[in-house]
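Visitor: I would like to look closely at one residue and then follow the chain outward from there. Please take me through the surroundings carefully, step by step.

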Amino acid sequence: VVGIAKAVKASGASILRGGAFKPRTSPYSFKGLAKEGLEILKTAREETGLPIITEVMDTRDVELVSSYVDMLQIGARNMQNFSLLTEVGRTNKPVLLKRGLSARVEEWLMAAEYIMSEGNENVVLCERGITTFETATRNTVDIAAVAVVNELSHLPIIVDPSHATGHSKYVPCVARAAIAAGADGLMIEVHNDPQNAMCDGPQSITPGQFDELMGRLAAISG
Ligand code: PEP
Ligand code: MN
């Protein structure tokens, strides 16, 4: 993790995201290292100076996770977990709110209101694709949602082309499209050895590919 963090920082990344508590479709899949994972992220922050963000899945973990990280992530599966939204709304940590698997923009913005109505107005939205009939990609990326959110809300919006496509080869193209559409940032899964990743290897790009992509993105965001 520290090695990847150093590499992506050198390429221009401004925040490090890693999973300590991971929502998995199967309960038998690798679910993260919990507190040990938080410690690893903390070490990466100490070594690089990068702020860290991780997902919190349970109201019972909000206090622990908040004590480690600079930003909290609410995953797609929990976008309408109103007790969790309320709980993170009572912290002083910025929150990254991922769009639900089948959530309309309106429902997503209202989920953000749940956080903000508790007094925490530092919410960033993340488009990560929605469930459709299409199976060529893991989810269907809603690039238009970037424009819609920019119209309807003052909140920043970023795009996650990794979980959205599920395939590393499509990540650079969707990343470029997101920035061209007006996204404020990207969340990109990077792994030094994607084939042996504990999770989401097929959608992870290498540090070298990330560096090349960052160069191309700079030309678009100008
Ligand atoms: C993640 O970002 O680690 C993740 C599980 O993505 P999502 O909640 O969008 O499925
Ligand atoms: Mn992942």
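What is the relative accessible area of M214, and is the residue buried, partly exposed or exposed?

Guide: What you see is a predicted model, and what follows should be read with that in mind. M214 has a relative accessible area of 22% and is partly exposed, because the class called buried ends at 20% and the class called exposed begins only over 50%. The residue belongs to helix α9. When its neighbours within four places in sequence are left aside, its contacts are with S11, G12 and A13. A175 is 39 residues from M214 along the chain, and the C-alpha atoms of the two are separated by 9.6 Å.

From helix α9 one can step back along the chain to the metal site. The manganese ion (ligand 2) takes its protein donors from H163 (NE2), E189 (OE) and D200 (OD), which lie 2.0 to 2.7 Å from the ion. Written along the chain, these donors have the spacing H-x25-E-x10-D. E189 and D200, eleven residues apart, both sit in the loop between β7 (185-186) and α9 (207-221), so the helix that holds M214 is the one at the far end of this loop. As for their accessibility, both E189 and D200 are buried.

Helix α7 (residues 161-165) contains T165. T165 counts as buried because its relative accessibility is 2%, and a polar atom of its side chain lies 2.8 Å from the backbone oxygen of P161. Beyond its neighbours within four places in sequence, T165 is in contact with T137, R138, V141, Y170, V171 and V174.

The strands make up the next part of the picture. Seven of them form an open sheet, with parallel pairing, in the order β1-β2-β3-β4-β5-β6-β7. Its edge strands are β1 (16-17) and β7, each of which pairs on one side only. Moving inward, strand β2 (residues 52-55) pairs with β3 in the parallel sense over three bridges, and T54 has L72 in β3 as its bridge partner. Strand β3 (residues 71-74) then pairs with β4, also in the parallel sense and over three bridges, and here L72 stands opposite V95 in β4. L72 can therefore be followed in both directions, because it is the partner of T54 and also faces V95, each pairing being a bridge between strands.

Strand β4 (residues 95-98) deserves a longer look. In a regular strand the side chains alternate between the two faces of the sheet. In β4 both faces are covered, with V95 and L97 buried on one side and L96 and K98 buried on the other. The connection into this strand is a right-handed β-α-β unit made of β3, helix α4 (residues 82-89) and β4. On the other flank, β4 pairs with strand β5 (residues 123-127) in the parallel sense over four bridges, and the bridge partner of L96 in β5 is V124. From β4 the chain crosses to β5 through helix α5 (residues 105-116), and this β-α-β crossover is also right-handed.

Charged pairs join some of the loops beside these elements, and the count of salt bridges comes to nine. Among them, R99 forms one with D142, the closest N and O atoms being 2.9 Å apart. This pair links distant parts of the chain, since R99 lies in the loop between β4 and α5, while D142 lies in the loop between β5 and α6 (143-152), 43 residues apart. R99 counts as buried because its relative accessibility is 4%, and salt bridges that share partners join R99, E127 and D142 into one network.

A second pair is formed by the side chains of E118 and R90, which meet at 3.0 Å, N to O. E118 lies in the loop between α5 and β5 and R90 in the loop between α4 and β4, so this salt bridge ties together parts that are 28 residues apart in sequence. E118 counts as partly exposed at 32% relative accessibility, whereas R90, with a relative accessible area of 57%, is exposed. Another salt bridge brings the side chains of D58 and R60 together at 2.6 Å, N to O, and R60 is exposed because its relative accessible area is 71%.

Terms used. Residues are numbered from 1 along each chain as its sequence is written. Chains are lettered from A and ligands numbered from 1 in the order in which they are written. This is a predicted model: local features need pLDDT of at least 70, side-chain atom pairs count only at pLDDT 80 or more; totals for chains, interfaces and linings use all residues. Side-chain values use heavy atoms; hydrogens and water are left out. Helices (H or I, at least four residues) and strands (E, at least two) are DSSP runs, numbered from the N terminus. Buried means under 20% relative accessible area, exposed over 50%, partly exposed in between (1.4 Å probe, protein chains only). A polar contact is a pair of N or O atoms within 3.5 Å; within protein, one must be able to donate a hydrogen and the other to accept it, and residues adjacent in sequence count only if both atoms are side-chain atoms. Contact means heavy atoms within 4.5 Å. Donors are N, O and S atoms within 2.8 Å of the metal (3.2 Å for Na, K and Ca); water is not among the atoms, so sites may look incomplete. Two strands pair if DSSP finds at least two bridges between them. A crossover is right-handed if, with the strands pointing away from the viewer, the path from the first strand over the helix to the second runs clockwise. A salt bridge is a side-chain nitrogen of Lys or Arg within 4 Å of a carboxyl oxygen of Asp or Glu.
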